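Where do the nonpolar side chains of this protein gather, and how do two of its helices pack against each other? The report below takes up these two topics in turn.

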Amino acid sequence: MGRGLQPGRAEGEQQGTMAAAVFRVFGPPSVLQYERDFPKPSRRKGEVLIKVAAASVNPVDWKTRKGEVPRFTVTRPKIPGGDVAGVVQEADPGSQFKPGDRVFGCTGQQAPWSTYGTYAEYVVAPESTLLPIPERTSFHEAASVPLAAMTAWQAVESSMPLSGKRVLVHAGAGGVGSFAIQIAKAQGAYVATTCSARNADFVTKTLGADRAIDYNKEK
């Protein structure tokens with residue numbers, strides 16, 4: 001669940017400030033300002049405080065900043081961002097995570113009504129939204145996964161199991177499409193995908209699609 005600025009909370013309260021990318025008015029990228037002294041978030045029971053190492057940009061982030069969502073739902077000032085990869089600073093006693101653990105996840109803080117997103121030095125997230133980062137995966141790689149991969153999974157989940165089925169993925173070179181191809185192939189599907197000619201090798205040789213359809217030539 002998202003949150004606004006909530007001063008005066010005692011439980012797990014984090015003192016001090018942090019650097020963050022913040023917008024206070026809707027508009028173009030220039031409204032996103034770097035602030036050095038934004039209030040640091042406070043952690044509730046069941047949440048994990050993370051020092052952010054990497055975050056990703058998803059359409060919901062720039063659409064919220066531009067005001068292309070119902071504006072009355074947006075809490076401002078607003079730090080955009082929901083996807084995160086970073087290092088645990090604090091967690092509940094008995095948590096599966098401890099300080100120093102590398103974690104990633106979709107925190108849910110991209111929601112318009114949440115002040116605290118992931119474009120900041122620190123973010124808090126429900127423990128249930130986080131996973132350990134695999135040993136050979138970088139922070140940048142991990143941060144690119146959560147929302148796009150979750151969206152791809154939700155798009156094909158209702159048709160699972162996919163073994164032996166034929167799957168068409170539109171925009172296979174994009175964030176969601178690239179995960180959808182890999183999920184379908186991992187389950188044994190035949191995968192065709194639309195893309196531009198310059199991305200044909202990427203979707204077939206790198207991602208594993210069986211057929212690339214050039215949307216400029218084939219209808």
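The following paragraphs describe the nonpolar cores and then the packing of one pair of helices, in a model that is predicted.

In soluble globular proteins, nonpolar side chains tend to be buried together. Here the largest nonpolar core has 15 residues, and those with the most contacts inside it include Leu 162, Val 167, Ile 181 and Val 191. Two or more residues each are given to this core by helix 3 (146-157), strand 8 (166-169), helix 4 (175-186) and strand 9 (190-195), and the largest share, four residues, comes from helix 4. Ala 189, also one of the residues with the most contacts inside the core, touches Leu 162, Val 167, Ala 184 and Asp 210, among others that are more than four places away in sequence. Apart from this core lies another, of twelve residues, among them Phe 38, Leu 49, Tyr 116 and Val 124.

Helix 3 has twelve residues, which at 1.5 Å a residue should span 16 Å, and its end C-alpha atoms are 16 Å apart, so the two values agree. Its buried residues, including Pro 146, Leu 147 and Val 156, pack against helix 1 (59-66), strand 4 (83-90), strand 5 (102-106), helix 2 (139-143) and helix 4.

The axes of helix 3 and helix 4 are 8 Å apart and meet at an angle of about 55°; because this angle lies between 35 and 65 degrees, the two helices are oblique to each other. Helix 3 passes helix 4 in a right-handed crossing, and the residues that make the contact are listed below.

| Helix | Residues in the contact |
|---|---|
| Helix 3 | Ala 148, Ala 149, Thr 151, Ala 152, Trp 153, Val 156 |
| Helix 4 | Gly 175, Val 176, Phe 179, Ala 180, Ile 183 |

Notes: Residues are numbered from 1 along each chain as its sequence is written. This is a predicted model: local features need pLDDT of at least 70, side-chain atom pairs count only at pLDDT 80 or more; totals for chains, interfaces and linings use all residues. Side-chain values use heavy atoms; hydrogens and water are left out. A nonpolar core is a set of buried Ala, Val, Leu, Ile, Met, Phe, Trp, Tyr and Cys residues joined through side-chain atoms within 4.5 Å. Buried means under 20% relative accessible area, exposed over 50%, partly exposed in between (1.4 Å probe, protein chains only). Contact means heavy atoms within 4.5 Å. The expected span of a helix is 1.5 Å times one less than its number of residues. Axes are lines fitted to C-alpha atoms, for helices over the stretch in contact, and angles run from 0 to 180 degrees between N-to-C directions. Angles under 35 degrees count as roughly parallel, over 145 as roughly antiparallel, 65 to 115 as roughly perpendicular and the rest as oblique. A crossing is left-handed if the near helix is turned anticlockwise from the far one by less than a right angle, and right-handed if clockwise.
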